[in-house]
Amino acid sequence: MTRTTPPPAPAAPSAPGTDRLMEHLAHAAACYYRSFAVVAAGQGLTLIQGKMLSLLGRPLPMRALAETLGCDASNVTGIVDRLEARGLVRREAAPADRRVKTVVLTPEGEEAVRRIRADIVAGLPGLEQLDDHDRRTLQDLLDRAFPHTAG
């Protein structure tokens with residue numbers, strides 16, 4: 001009787017390098033923004049208008065919106081003008097400093113954000129397929145890779 005040695009176990013695949021992870025993140029971001037642009041257009045909004053609405057979970061000063069969106073304050077003024085003309089936002093003086101203007105969602109703006117988010121979720125079914133453990137893991141990984149401050 002001849003005894004044979006079992007073949008060696010296949011080597012575990014190597015972890016992807018940072019460059020490969022960046023490619024995956026770029027793909028994920030492109031999928032998200034492509035979906036966001038289509039959904040926003042369905043609401044008669046540009047991508048940046050939809051993004052601004054989605055940032056307004058609480059009133060924000062116009063300067064903070066400009067910083068978050070990575071654009072000049074004069075651009076934010078034009079975006080807010082157009083959203084205000086449609087009744088989706090309004091400007092208010094900040095309680096602590098009346099010279100500072102904050103942007104606030106109107107009830108119509110809140111409804112637009114709700115529709116945008118629902119349509120995006122429907123258009124990106126992969127996230128819905130994750131179970132609770134996978135969702136927590138993804139959240140933890142994103143928080144570690146892209147730390148941010150609450151606020």
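This passage walks through the sheet, a helix, a surface patch and some side-chain contacts of a predicted model.

Let's start with the sheet. Three strands make up an open sheet, lined up in the order β1-β3-β2 with antiparallel pairing. The edges belong to β1 (60-61) and β2 (89-93), each of which pairs on one side only. On one side of β3 (residues 101-105), two bridges link that strand to β1, and the two run antiparallel. Within this pairing, P61 has T102 of β3 as its bridge partner. Five bridges join β2 to β3, again in an antiparallel arrangement. Here A93 sits opposite K101 of β3. As for cover, β3 is mostly tucked away, with four of its five residues buried.

Next comes helix α7, which covers residues 132-145. A quick check on its length works out nicely: with 1.5 Å a residue, its 14 residues should span 20 Å, and the end C-alpha atoms are indeed 20 Å apart, so the two values agree. At the start of α7, a side-chain oxygen of D131 comes to within 3.2 Å of the backbone nitrogen of H133.

Helix α7 also turns up in a nonpolar patch on the surface. The patch is formed by M22, L25, L127, L138, L142 and F146, and together these residues have about 510 Å² of accessible area. Two elements, α1 (18-42) and α7, each give two or more residues to the patch. One of the patch residues, M22, lies in helix α1. M22 has a relative accessibility of 48%, which is why it counts as partly exposed: the label "exposed" is kept for values over 50%.

The loop between α1 and α2 (47-55) holds Q43. With a relative accessibility of 17%, Q43 counts as buried, because the cut-off for that label is under 20%. The Q43 side chain isn't without a partner, though: it makes a polar contact with the side chain of R115, at 2.8 Å.

Finally, there are the charged pairs. Searching the whole structure turns up eight salt bridges. One of them brings together the side chains of D81 and R91, with 2.6 Å from N to O. D81 belongs to helix α4 (residues 73-85) and R91 to strand β2, so this pair ties together parts that are 10 residues apart in sequence. Both ends of this bridge are partly exposed, D81 with a relative accessible area of 38% and R91 at 25% relative accessibility.

Another salt bridge joins the side chains of R114 and E111, also listed at 2.6 Å from N to O. This pair stays inside one helix: R114 and E111 are three residues apart in α5 (residues 107-123), so about one helical turn separates them. The general rule helps here. An α-helix has 3.6 residues a turn, so residues three or four places apart point the same way. R114 is partly exposed, with a relative accessible area of 46%, and E111 is partly exposed too, at 32%.

A further salt bridge is formed by the side chains of R135 and E128, with an N to O distance of 4.0 Å. R135 counts as partly exposed, at 36% relative accessibility. Some salt bridges also share partners, and in this way D81, E84 and R91 are joined into one network.

Technical notes
Residues are numbered from 1 along each chain as its sequence is written. This is a predicted model: local features need pLDDT of at least 70, side-chain atom pairs count only at pLDDT 80 or more; totals for chains, interfaces and linings use all residues. Side-chain values use heavy atoms; hydrogens and water are left out. Two strands pair if DSSP finds at least two bridges between them. The expected span of a helix is 1.5 Å times one less than its number of residues. A polar contact is a pair of N or O atoms within 3.5 Å; within protein, one must be able to donate a hydrogen and the other to accept it, and residues adjacent in sequence count only if both atoms are side-chain atoms. Patches are made of residues with over 30% relative accessible area and no salt bridge: like charges are joined within 9 Å, nonpolar side chains (Val, Leu, Ile, Met, Phe, Trp, Tyr) within 5 Å. Accessible areas come from the Shrake-Rupley method with a 1.4 Å probe; for residues, only the protein chains shown count as cover. Buried means under 20% relative accessible area, exposed over 50%, partly exposed in between (1.4 Å probe, protein chains only).
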